[in-house]
Amino acid sequence: MPLNWIDVQNLDFYHLLFLERHHLMWFAKSHSKDKVLAIALKAHPEVLWYFKRLLPEAAEVFENMAGSVSPDLSGEEIRRAEIEVMRSINDWMVYVVDPAIYDRLEFTRWDDSELTDFVDFSGRRVVDIGAGTGRLSFVAASRGATVYAVEPVRTLRDYLKRKAETIGYKRFYVVDGLIEEIPFEDDFADIVISGHVFGDFPDREYGEMVRVVRNGGDIVLFPGNNDTDNEIHDFLAGKGFGWGRFEEPGTGFVRKYRLKVEKRSL
Ligand SMILES: C[S@@+](CC[C@H](N)C(=O)[O-])C[C@H]1O[C@@H](n2cnc3c(N)ncnc32)[C@H](O)[C@@H]1O
């Protein structure tokens, strides 16, 4: 079901100039046959230029998409296509237009104790992957952790920095990076946390998290999957993660996972 976090009806298509490489990779991989994206790119040569420049390895894909569209498009057809594209990336639109909208979403209002009762953050070095607006990061920081918030979207990194400065956290660092390639050395962290990110490439993501956590440290995931034994659950349970349930307001029960990393036995 498409998300409805922001009404895109009146948004400018130029907001796509704030998208990042991993967003464009998704477009190139999964939407190369997408007619509405093709129309919107044809109508916006500057956005097409930006896509090609940011992801040169997919330049031909984007060029072919725009090339497949007739030049005689009405303004109405173009606007319909723009809106449909922006609807399909509703979450990304929130990240680039106004991240504060994410912080107001009902499902983010779960009780902090769901995290703090799960793991002790005091004095620990914590890496939060896909930190977003900092839902997990700021809980860890409030409990005395030094936090490294890893986030691939620049507008979200700016938001995280401003929020940390406003609260006055000194040991709160914001870093660019992806879960598939975490930008830290082996054994860097006492605890890796991540919310609503894990799962596209389970083996690679798990391998990276284990690499970055020290022996005896913890990986704590709030993957946002439903309260079901789905593929993510089976993968994590198979790796020895313990798990529990908690309620996300408006969503219902979801699962949280924790693994104590024992590197010597790996
Ligand atoms: C739904 S938000 C969750 C934010 C926060 N962790 C939370 O639990 O509220 C997903 C976040 O993951 C980031 N993200 C998306 N793909 C990612 C990847 N491959 N590696 C790291 N972060 C990613 C997005 O930019 C976004 O900030």
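**View 1. E46 counts as partly exposed, at 33% relative accessibility.** Here, partly exposed falls in between buried, which is under 20% relative accessible area, and exposed, which is over 50% (1.4 Å probe, protein chains only). Before you zoom in, please note that this is a predicted model, in which local features need pLDDT of at least 70 and side-chain atom pairs count only at pLDDT 80 or more, while totals for chains, interfaces and linings use all residues. Residues are numbered from 1 along each chain as its sequence is written, and side-chain values use heavy atoms, with hydrogens and water left out. E46 belongs to helix α3, which runs over residues 45–54; helices (H or I, at least four residues) and strands (E, at least two) are DSSP runs, numbered from the N terminus. Once neighbours within four places in sequence are set aside, the contacts of E46 are Y14 and L17, where contact means heavy atoms within 4.5 Å. How far is E46 from S113 in space, C-alpha to C-alpha? The two lie 47 Å apart, with their positions 67 residues apart in sequence.

**View 2. The whole chain, for orientation, has 12 helices and 7 strands.** Its radius of gyration is 20 Å, close to the 18 Å that the globule rule gives for 266 residues, so the chain is as compact as a globular protein of that length. That radius is taken over C-alpha atoms, and the rule is 2.2 Å times the number of residues to the power 0.38. If you are setting up a box, the C-alpha trace spans about 60 × 40 × 35 Å along its principal axes. Half the story is inside: 50% of the 266 residues count as buried. Of the contacts between residues at least 6 apart in sequence, 72% join residues at least 24 apart. The chain exposes about 13,200 Å², of which carbon and sulfur atoms supply 48%; these areas come from the Shrake-Rupley method with a 1.4 Å probe. On the charge side, there are 34 positive and 45 negative side chains, with the centres of the two sets 4 Å apart. Lys and Arg are the positive ones and Asp and Glu the negative ones, leaving out His and the chain ends.

**View 3. T108 is buried in the loop between α7 and α8.** The helices on either side of this loop are α7 (100–103) and α8 (113–116). T108 has a relative accessibility of 7%. Which residues does T108 contact, leaving aside neighbours within four places in sequence? They are Y102, D103 and R135.

**View 4. Helix α11 lies within an annotated span.** The unreviewed UniProt entry gives residues 127–220 the annotation "domain: Methyltransferase type", and such annotations may be inferred rather than shown by experiment. In the model, the end C-alpha atoms of this span lie 10 Å apart, and the span is 33% helix and 29% strand. Helix α11 covers residues 202–212, where E205, Y206, E208, M209, V210 and V212 are buried. Which elements help to cover these buried residues of α11? They include the strands β1 (125–129), β4 (189–195), β5 (213–222) and β7 (252–260), along with the helix α12 (231–238).

**View 5. D187 and H196 both have positive phi angles without being glycines.** D187 has a phi of about 65 degrees and sits in the loop between β3 (172–175) and β4. At 42% relative accessibility, D187 is partly exposed. H196 has a phi of about 60 degrees and sits in the loop between β4 and α11. H196 is partly exposed too, with a relative accessible area of 37%.

**View 6. N225 and I232 touch each other.** N225 is in the loop between β5 and α12, while I232 is part of helix α12 itself. Is N225 buried or exposed? At 6% relative accessibility, N225 counts as buried. I232 is buried as well, with a relative accessible area of 19%. Beyond four places in sequence, N225 touches N230, I232, H233, V254, R255 and Y257. With the same exclusion of residues up to four places away, I232 touches F198, G199, P223 and N225. The C-alpha atoms of I232 and P202 are separated by 7.7 Å, across 30 residues of chain. N225 and G207 are 18 residues apart in sequence, and their C-alpha atoms lie 20 Å apart.

Technical notes. Charge placed at Lys NZ, Arg CZ, Asp CG, Glu CD.
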